Amino acid sequence: MPDCSPNYDLEIEEGQNKRSIKCKFCSSVILTPATASFTSVEYKLPLIKQTKDHGANPETESMSSFWAVKDIYTFYNVGFSNTVGNTKYLTCADCEAGPIGYHDIPSKISYVALCRVAHG
């Protein structure tokens, strides 16, 4: 599992994102400051780049550091995949890189992986 522990001095203030959250690939703003809460939850996200055709079984990596967003309308710029089980995967709406996180349909909470985005 990659070490995606937040840098509390730079990224978190009062439990929320201190800076804008941006796409690592195109620098498009995904969330503005103070719109997401830090949370730790175990989840296996599909890799952004798959090494070979895995069809219905993509390669994944375990992640545990996420920004939680309670309302999808909070996002400044994000795309959603088709539904997979009880999940929709999140992508950058501009360059379509992803998944950068996932949306849990039953709870209506979206989770953006700290490792998959830039802060600034």
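A residue counts as buried when its relative accessible area is under 20%. Y102 has 5% relative accessibility, so Y102 is buried. Keep that cut-off in mind while reading this predicted model.

**Overall layout**

The protein chain has 1 helix and 11 strands. The helix stands at the N-terminal end of the order, and the strands follow it. The chain has 120 residues, and 38% of them count as buried. Take the contacts between residues at least 6 apart in sequence: 51% of these join residues at least 24 apart. The chain exposes about 6,800 Å². Carbon and sulfur atoms supply 47% of that area.

**Two cores**

Which residues have the most contacts inside the largest nonpolar core? They are I30, L31, W67, F75 and V112, in a core of 17 residues. Three elements each give two or more residues to this core: β3 (21-23), β4 (29-31) and β6 (60-69). There is also a second, separate core of 11 residues. Among its members are L45, Y89, A113 and C115.

**A buried serine in a loop**

S20 sits in the loop between β2 (16-17) and β3. Is S20 buried or exposed? Its relative accessible area is 15%, which is under 20%, so S20 is buried. What does S20 touch, leaving aside neighbours within four places in sequence? Its contacts are V29, L31, T32, P33, A118, H119 and G120. One of these, L31, also belongs to the residues with the most contacts inside the largest core.

**Aromatic pairs**

The whole structure holds 6 aromatic pairs. Two of them are set out here.

| Pair | Centre to centre | Angle between planes | Type |
|---|---|---|---|
| F75 and F80 | 6.4 Å | 85° | edge-to-face |
| Y102 and Y111 | 4.9 Å | 20° | stacked |

Why is the pair of F75 and F80 edge-to-face? The planes of the two rings stand at 85°, and over 60 degrees counts as edge-to-face, so the pair gets that label. F75 is buried, with a relative accessible area of 10%. F80 is partly exposed, at 34% relative accessibility.

The planes of Y102 and Y111 are 20° apart. Planes under 30 degrees apart count as stacked, so this pair is stacked. Y102 is buried at 5%. Y111 is buried too, with a relative accessible area of 14%.

Which residues make up one aromatic cluster with Y102 and Y111? Y43 and F66 join them there.

How values were computed. Residues are numbered from 1 along each chain as its sequence is written. This is a predicted model: local features need pLDDT of at least 70, side-chain atom pairs count only at pLDDT 80 or more; totals for chains, interfaces and linings use all residues. Side-chain values use heavy atoms; hydrogens and water are left out. Helices (H or I, at least four residues) and strands (E, at least two) are DSSP runs, numbered from the N terminus. Buried means under 20% relative accessible area, exposed over 50%, partly exposed in between (1.4 Å probe, protein chains only). Contact means heavy atoms within 4.5 Å. Accessible areas come from the Shrake-Rupley method with a 1.4 Å probe; for residues, only the protein chains shown count as cover. A nonpolar core is a set of buried Ala, Val, Leu, Ile, Met, Phe, Trp, Tyr and Cys residues joined through side-chain atoms within 4.5 Å. Rings of Phe, Tyr and Trp (its six-membered ring) pair if their centres lie within 6.5 Å; planes under 30 degrees apart count as stacked, over 60 as edge-to-face and the rest as tilted.
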